[in-house]
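Please walk through this two-chain model with me, moving from one region to the next and keeping the structure in view.

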Amino acid sequence: MNGLRNFVDKIKPTFEKGGKLGFLHSTFDAFETFLFVPNTVTRRGAHVRDCVDLKRVMIMVVLSLVPAMLFGIWNVGYQHKLAFGLTDWGFWNIVLYGLVKVLPLYIVSYLVGLGIEFVSAQIQGHEVNEGYLVSGMLIPLIVPVDVPLWMLAIAVAFAVIIGKEVFGGTGMNIWNPALLTRAFLFFSYPSKMSGETVWTGGVERFVNEGVAFQAGNGLVDGFSGATPLADPTLANLEPRLWDMIIGTIPGSVGETSVIAILLGAFLLLWTGVASWKIMVSSVLGGLAIGYLGYAVGATDLPGYYQLVMGGFLFGTVFMATDPVTSAQTECGKWIYGFLVGALAVTVRIWNPGYPEGMMLAILLMNTFAPLIDHYVIEGSIKRRAKKVKIA
Amino acid sequence: MSNNIYLKKGLDLPINGTASQNTKKVIVPDVVAVKPTDFRNLVPKLLVREGDKVLAGTPVLADKMSQNILFTSPVSGTVAEVVRGEKRKLLEVRIKADAKQEYVDFGVKKVNEMTAEQIKESLLAAGLWPAITQRPYGIIADPESKPKAIFVSAFSTAPLAASPEYALRDDMEHIQTAINALTKLTDGGVHFSLNSENYSGTPFHKIENVIQHTFTGKHPAGNVGIQIHHISPIRKGETVWTVSLLMLAAIGKLFNTGKYDLRRKIAVTGPKALNPAYVEGLPGISMKDIKEFYETADNLRFISGDVLTGTNIGAEGFLGFFDNQVTILEEGNKYELLGWAKPCRPALFSASRTYFSWLTPKKKYDMDTNLHGGPRAFVVNDTYGKVLPMDLYPVYLLKACLANDIDKMEKFGIYEVLEEDLALCEYVCPSKIYIQQIITDGIALMLKEMC
């Protein structure tokens with residue numbers, strides 16, 4: 001332990017200003033503070049500080065994503081097994097296949113994203129912000145598993161540079177960087193982001209090139225690969241309700257399992273890291289529009305189906321609650337969350353062009369969150385002025 | 001009691017080192033300092049020279065802007081040294097105390113027969129006018145003005161704060177005199193806030209001639225700023241004055257005894273204070289005078305005041321004018337391997353639930369001065385609201401201050417806050433933002449632009 005500290009102290013001067021590797025100061029600092037809580041003491045103001053810092057907050061979000069990630073890895077393999085009828089595959093085959101498919105997504109996401117973070121911290125002379133730890137964890141979970149890695153790299157670069165760094169880094173961005181990555185992919189390479197073949201690992205390649213990691217006898221008869229959103233009717237989905245809750249359905253890597261997401265939600269709410277108000281109001285919004293659509297006959301699915309399909313729950317728990325891009329006022333959070341849920345389901349039910357609306361709903365509400373806050377605050381100030389006048 | 005104000009938000013810092021209620025010693029002052037830095041926005045004018053003889057109550061400094069505001073020596077002795085800082089800024093006037101203390105005689109006065117003008121003149125002449133703080137901005141009160149009301153908080157919720165019931169138990173009569181005097185300076189009365197939890201247990205509820213309020217809640221419920229916010233918020237153009245109990249006692253003594261007598265019981269507290277207890281002393285006493293409370297001053301921080309809002313004065317420093325508390329902390333200048341990644345850090349407290357300290361609510365901690373992280377931008381947005389019992393939007397106010405946007409600062413409530421009110425926000429901030437400094441800069445800007 002002391003040896004490590006001594007080593008760090010020994011190499012530290014090289015990375016200080018004027019040192020040989022001084023230009024890597026932020027990078028060194030990032031690794032050092034990752035290993036050691038720094039010895040900085042308070043200079044002004046409160047002399048003692050809470051032991052929580054952003055690293056701790058971020059690691060809580062990362063931890064809360066672990067169940068969805070693990071399930072996602074398993075499910076990627078499981079869907080591949082189903083698609084190709086690989087009856088001899090056991091648990092470890094499934095997981096191995098999942099790892100082979102998902103790990104590269106993570107490597108690309110973190111290499112590109114953190115690389116850009118480090119460089120821009122270096123340029124601006126800042127400390128490296130922890131924000132990307134969460135974004136990098138989220139991105140592989142919200143893309144189809146077969147997305148080409150170079151596309152992912154470009155999308156990540158776009159989201160981090162244009163979506164975040166140009167605004168000044170974590171804390172200053174308007175849109176959730178992970179969702180921006182997805183939106184970039186969605187609009188730039190639509191063929192890789194929708195349809196029936198992209199959601200199951202290996203199928204696209206098999207269809208195009210006739211090869212797969214382990215193809216067996218080719219695709220099984222009756223393979224559809226469609227996500228529940230492709231045909232959201234009761235007849236289609238009623239038998240699959242439990243599959244959707246457990247998550248054994250095709251879809252983006254991490255979004256399929258309701259149970260895994262709820263485990264994450266539990267951790268986020270338990271630690272108070274994410275706002276329960278946004279989660280609750282988003283679910284309420286989704287249910288409200290879901291049942292409205294059901295009542296007027298636009299869909300024959302009862303409202304609660306909207307919650308378990310597609311990315312609704314994943315978005316509600318992990319993306320809408322991003323503290324930077326969501327509404328900042330407590331009252332604003334209710335409005336913001338409700339509109340996220342309501343808009344997402346509105347797009348699903350009434351817009352035939354987009355089967356899924358969660359991504360766009362959240363990005364749109366990210367855009368409007370400052371406006372919501374503005375009116376909430378104006379209202380509160382006016383109310384107080386009135387109260388003071390009476391008193 | 002019926003109009004008790006219940007504050008749900010707040011946080012009592014669980015820090016070790018409460019002073020036990022006994023007076024360990026009476027400090028015979030050696031060198032004491034008069035510090036113009038205790039007062040915001042003061043441009044001091046030096047009235048004495050090194051070598052001058054002074055009595056307790058002799059003017060040492062005046063306010064350059066309104067020269068009838070005087071600052072007087074708390075002891076009789078000889079001016080030993082005038083300490084200046086950068087750009088010759090006056091920092092301290094050090095006075096070597098005589099063995100026998102002599103006081104300037106301001107004459108015993110009957111407050112009830114005095115007019116407001118006479119009361120003001122007595123306070124100004126004796127150097128007790130600066131004891132009255134004016135809000136907005138927390139500056140020395142303007143003697144020409146008449147405040148909307150005067151506010152006094154009769155309890156303290158600050159970490160390890162001196163117990164007013166113990167520290168001021170002999171001063172009840174003086175406090176009453178001071179209240180009687182101050183009521184003449186305003187039409188709005190003196191608002192006197194008590195803690196509902198020991199309402200009947202505290203002798204302060206017998207203080208007369210005041211408008212009583214009671215508050216229930218954790219820190220910062222005892223901050224007068226929070227109380228004003230709930231009793232009668234400060235609007236643009238209004239001024240209110242605030243006085244601490246400690247200063248009321250001094251004001252009362254002036255009228256009752258004719259002396260400028262700032263002697264007070266000082267709580268020596270903190271995790272690094274050995275057998276924390278009270279001492280009797282004066283503002284301006286040196287930390288060297290309390291050396292029985294620590295073994296060596298190495299790697300210790302001496303704070304005049306509490307851990308949230310006090311001033312780091314150093315081992316050679318002097319107690320501030322308004323303070324009756326010294327907190328001794330260890331400097332946290334050490335590294336902690338993988339600290340943030342450990343499942344739990346049992347020696348550290350966190351108000352957030354990302355650690356497990358909320359499971360042991362009774363536990364107290366040996367806090368040190370480590371920042372526990374690096375400074376970041378505002379990210380988590382609901383942490384401040386949980387410890388700020390005010391109907392304000394702290395992040396918006398802080399951003400307005402950072403942007404030097406006066407209109408927005410006004411709108412978001414710069415008139416109602418001082419640094420101390422947002423100190424807890426700074427404590428809990430996971431982005432380690434220097435919130436009190438931002439407010440200080442914001443207030444400085446307001447003072448510059450509005451006057």
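**A walk through the predicted model**

In chain B, helix α4 (residues 224–231) lies across β1, β10, β12, β13, β14 (211–216) and β15, and its direction is at about 125° to that of β12(B). The model is a predicted one, and the description that follows should be read with that in mind.

The strands just named belong to an open sheet of chain B, in which seven strands follow the order β1-β14-β13-β12-β15-β10-β11 with mixed pairing. At the edges of this sheet stand β1 (5–6) and β11 (139–140) of chain B, each of which has a single partner strand, so that one side of each is left without a neighbour in the sheet. Within the sheet, strand β10 (residues 133–135) of chain B pairs with strand β15 (residues 240–242) of chain B in the antiparallel sense over three bridges, and in this pairing R135(B) stands opposite V240(B) of β15(B).

One residue of this sheet can serve as a point of reference, namely F192(B), whose place is in strand β13 of chain B. F192(B) counts as buried because it has 25 C-beta neighbours inside 10 Å, where the cut-off for a buried residue is 20 or more. If its neighbours within four places in sequence are left aside, F192(B) is in contact with V152(B), A154(B), I207(B), V210(B), I211(B) and Q212(B). By contrast with these contacts, a separation can also be given: L128(B) lies 64 residues from F192(B) along the chain, and the C-alpha atoms of the two are separated by 20 Å.Strand β13 also takes part in the surroundings of a helix, for the buried residues of α3(B) pack against α1 (116–126), β12 (150–153), β13 (190–195) and α5 (245–257) of chain B. Helix α3 of chain B, which spans residues 172–182, is mostly covered, with eight of its eleven residues buried. These buried residues are H174(B), I175(B), T177(B), A178(B), I179(B), N180(B), A181(B) and L182(B).

Chain B also contains an open sheet of three strands, arranged in the order β4-β6-β7 with antiparallel pairing. Here β4 (44–46) and β7 (70–72) of chain B stand at the edges, and since each has a single partner strand, one side of each is left without a neighbour in the sheet. From one strand to the next the twist averages 30°. Strand β6 (residues 59–63) of chain B is joined to β7(B) in the antiparallel sense over three bridges, with P59(B) standing opposite T72(B) of β7(B).

Further along chain B comes strand β16 (residues 264–269), and the question is why this strand is described as largely enclosed by the rest of the structure. Six of the six residues of β16(B) are buried, and it is therefore largely enclosed. In a regular strand the side chains alternate between the two faces of the sheet. In β16(B) both faces are covered, with R264(B), I266(B) and V268(B) buried on one side and K265(B), A267(B) and T269(B) buried on the other. β16(B) pairs with strand β17 (residues 277–281) of chain B in the antiparallel sense over five bridges, an arrangement in which K265(B) stands opposite E280(B) of β17(B). β16(B) is also joined by three bridges to strand β20 (residues 325–330) of chain B, and these two strands run parallel; in this pairing A267(B) stands opposite Q325(B) of β20(B).

Chain A can be approached through its domains, which are domain 1 (2–35), domain 2 (62–198) and domain 3 (274–379). The C-alpha centres of domain 1 and domain 2 of chain A lie 30 Å apart, and five residues of domain 1 of chain A are in contact with six residues of domain 2 of chain A. On the side of domain 1 of chain A that touches domain 2 of chain A, the residues divide into two nonpolar, two polar and one charged.

Elsewhere in chain A, helix α13 (residues 276–296) and helix α16 (residues 330–350) pack at an angle of about 35°, and their axes are 7 Å apart. The crossing of α13(A) and α16(A) is right-handed, and their contact has, by class, 15 nonpolar, nine polar and three charged residues.

The two chains remain to be brought together. Their contact takes 48 residues from chain A and 62 residues from chain B. On the side of chain A that touches chain B, at least two residues are supplied by each of α2 (25–35), β1 (36–37), α3 (54–84), α12 (258–271) and α17 (358–390) of chain A, and the largest share, six residues, comes from α3(A). By class, that side of chain A has 23 nonpolar, 15 polar and ten charged residues.

Strand pairing also links the chains, for β1(A) and strand β21 (residues 336–337) of chain B pair in the antiparallel sense over two bridges. In this pairing V37(A) stands opposite E336(B) of β21(B).

Definitions and conventions:
Residues numbered from 1 in each chain as written. Chains lettered and ligands numbered in written order. Predicted model: local features only at pLDDT ≥ 70, side-chain atom pairs only at ≥ 80, totals over all residues. Buried ≥ 20, exposed ≤ 12 C-beta atoms within 10 Å, placed from the backbone. Helix = DSSP H or I, 4+ residues; strand = E, 2+ residues; numbered from the N terminus. Contact = placed C-beta atoms within 7 Å. Nonpolar A, V, L, I, M, F, W, Y, C, P; charged D, E, K, R; others polar. Pairing = 2+ DSSP bridges. Axes fitted to C-alpha atoms, helices over the stretch in contact; angles between N-to-C directions. Left-handed = near helix turned anticlockwise from the far one by under 90°. Domains from an automatic or database assignment.
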